[in-house]
Amino acid sequence: MTHISPIFNVAQVRKDFPNLHILVHGRPLVYLDNAATTFKPQTVIDAIEKHYKTETANVHRGVHYLSEKATAEFEGARDKIKNFIHAKQSCEVIFTRGTTESINLVAHSYGRHFLKEGDEIIISEMEHHSNIVPWQMLCEEKGCKLKIIPFNDAGELLFDEFKKLLNSQTKLVSVVYVSNSLGTINPVKEIITEAHKLHVPVLIDAAQAVTYHSIDVQELDCDFLAFSGHKLFGPTGIGVLYGKASLLNTMPPYQGGGDMISKVTFEKTTYNVLPYKFEAGTPNVADAIGLGAAIDYLQTFGLDNTLQHKKELLDYGTQALQSIPGVKIIGTAQRKTSILSFTVDGIHAHDIGTLVDNEGVAIRTGHHCNQPVMQHFHIPATSRASLAFYNTKEEIDKLVKAVYKAKKVFE
Ligand code: PMP
């Protein structure tokens with residue numbers, strides 16, 4: 001059944017994504033790897049092409065027509081992002097290469113400037129490596145300690161354990177909003193409230209959350225929030241760090257170069273204002289514009305109007321996969337997005353991945369840059385079907401059929 005609502009209609013929406021309509025191994029593609037990256041609607045592709053075809057120029061530098069046009073489009077994209085995440089000001093939106101770079105920016109700038117030996121940083125057991133390794137590097141350099149919020153076997157963070165970890169040594173909390181391997185939606189609002197009681201700033205990794213439902217950074221009251229354009233139906237190579245202006249203003253630049261300065265002499269350099277202080281060098285103009293186009297596209301129906309459809313896909317997919325003998329779902333949290341990780345008894349995830357690919361079904365297999373999650377469950381890897389709003393129950397049926405076929409090969 002295809003979900004049809006007055007505002008959101010899957011069959012209609014699918015027409016907007018050219019990549020959904022290709023053949024793989026001679027079969028219509030079933031793309032279920034949206035947690036890795038999402039397909040781009042034609043409007044995003046058109047926006048990037050238009051920039052390169054007729055509007056190429058560097059930004060913030062020229063007075064000629066094209067430079068002013070490119071600057072307006074680039075800054076317009078920043079404004080769209082500001083509205084999309086409900087930031088107070090556009091200068092709180094910093095363009096980066098993606099979630100990874102956004103987190104590294106905070107670790108390098110905030111972390112190196114404000115943290116010292118003995119300070120503690122709290123992350124969780126279900127972080128993506130990009131929200132583990134930058135903090136480990138910082139801890140190594142500064143002599144800080146990394147504290148880990150554990151999760152239960154359903155994949156839910158243990159909130160009481162988090163409260164026990166918080167103390168006067170805690171200088172930063174950095175947690176994932178939605179787990180990319182388990183699908184868990186974490187209680188980030190409660191985490192932020194608790195951390196703020198001790199005046200500890202909180203960074204939210206929203207790489208998956210931002211594609212799932214609307215986000216209001218002011219309502220959350222997070223201090224930093226990171227996400228990637230390519231998971232939000234936008235281009236690769238562009239992402240965002242949101243930060244409260246009051247915090248960003250206290251932080252030193254992350255990289256030096258053009259655009260991030262106010263005045264340069266050999267004796268002394270002064271820095272530009274936000275957000276440019278954190279955007280050294282020529283930015284990724286085309287892809288920022290592409291990300292703005294992705295946000296425009298999503299607003300034609302509204303991300304929150306896709307929630308019911310994604311919930312139906314999750315319930316349907318969970319039921320269908322669980323009914324296959326030997327299949328076990330990893331990640332069964334009460335609050336979950338449409339991410340389905342699973343193992344199949346006696347068959348390595350990579351074999352499942354390869355065999356279902358032969359049927360035209362694209363899923364991700366491996367540790368999903370979540371090795372501690374795999375360690376928790378004592379497994380090397382999972383197979384993961386991650387569903388976007390453009391997926392259908394018919395596609396889940398094809399996955400299930402392909403898994404049955406894969407099992408046969410091993411019987
Ligand atoms: N955090 C989470 C939860 C993710 O899912 C990902 C991407 N898989 C990242 C961080 C890193 O994103 P990127 O590679 O786009 O920087």
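Student: In this predicted model, what is the bridge partner of I329 in β14?

Tutor: The partner of I329 in β14 is F342, and this pair belongs to the stretch where β13 and strand β14 (residues 339-344) run antiparallel, joined by 4 bridges.

Student: What makes β13 and β14 count as paired strands?

Tutor: Two strands pair if DSSP finds at least two bridges between them, and 4 bridges join β13 to β14, so the two strands meet that requirement.

Student: Why is one side of β13 and of β16 left without a neighbour in the sheet?

Tutor: The open sheet has 4 strands with antiparallel pairing, in the order β13-β14-β17-β16. Because β13 (327-330) and β16 (364-366) stand at the edges with a single partner strand each, one side of each has no neighbour in the sheet.

Student: Which helices lie across strands of this sheet?

Tutor: Helix α12 (residues 307-322) lies across β13 and β14, running at about 5 degrees to β14, while helix α13 (residues 349-358) lies across β14, β16 and β17 (382-386), running at about 160 degrees to β16.

Student: How many residues make up the largest nonpolar core, and which of them touch the most other members?

Tutor: That core has 81 residues, of which V173, I204, L225, F389 and Y390 touch the most other members. Helix α11 (residues 285-298) supplies the largest share, 10 residues.

Student: How do you know where this core lies relative to domain 1 and domain 2?

Tutor: Domain 1 (10-40 + 302-410) and domain 2 (46-298) both give residues to the core, so the core lies between them.

Notes:
Residues are numbered from 1 along each chain as its sequence is written. This is a predicted model: local features need pLDDT of at least 70, side-chain atom pairs count only at pLDDT 80 or more; totals for chains, interfaces and linings use all residues. Side-chain values use heavy atoms; hydrogens and water are left out. A nonpolar core is a set of buried Ala, Val, Leu, Ile, Met, Phe, Trp, Tyr and Cys residues joined through side-chain atoms within 4.5 Å. Buried means under 20% relative accessible area, exposed over 50%, partly exposed in between (1.4 Å probe, protein chains only). Domain bounds come from an automatic or database domain assignment. Contact means heavy atoms within 4.5 Å. Axes are lines fitted to C-alpha atoms, for helices over the stretch in contact, and angles run from 0 to 180 degrees between N-to-C directions.
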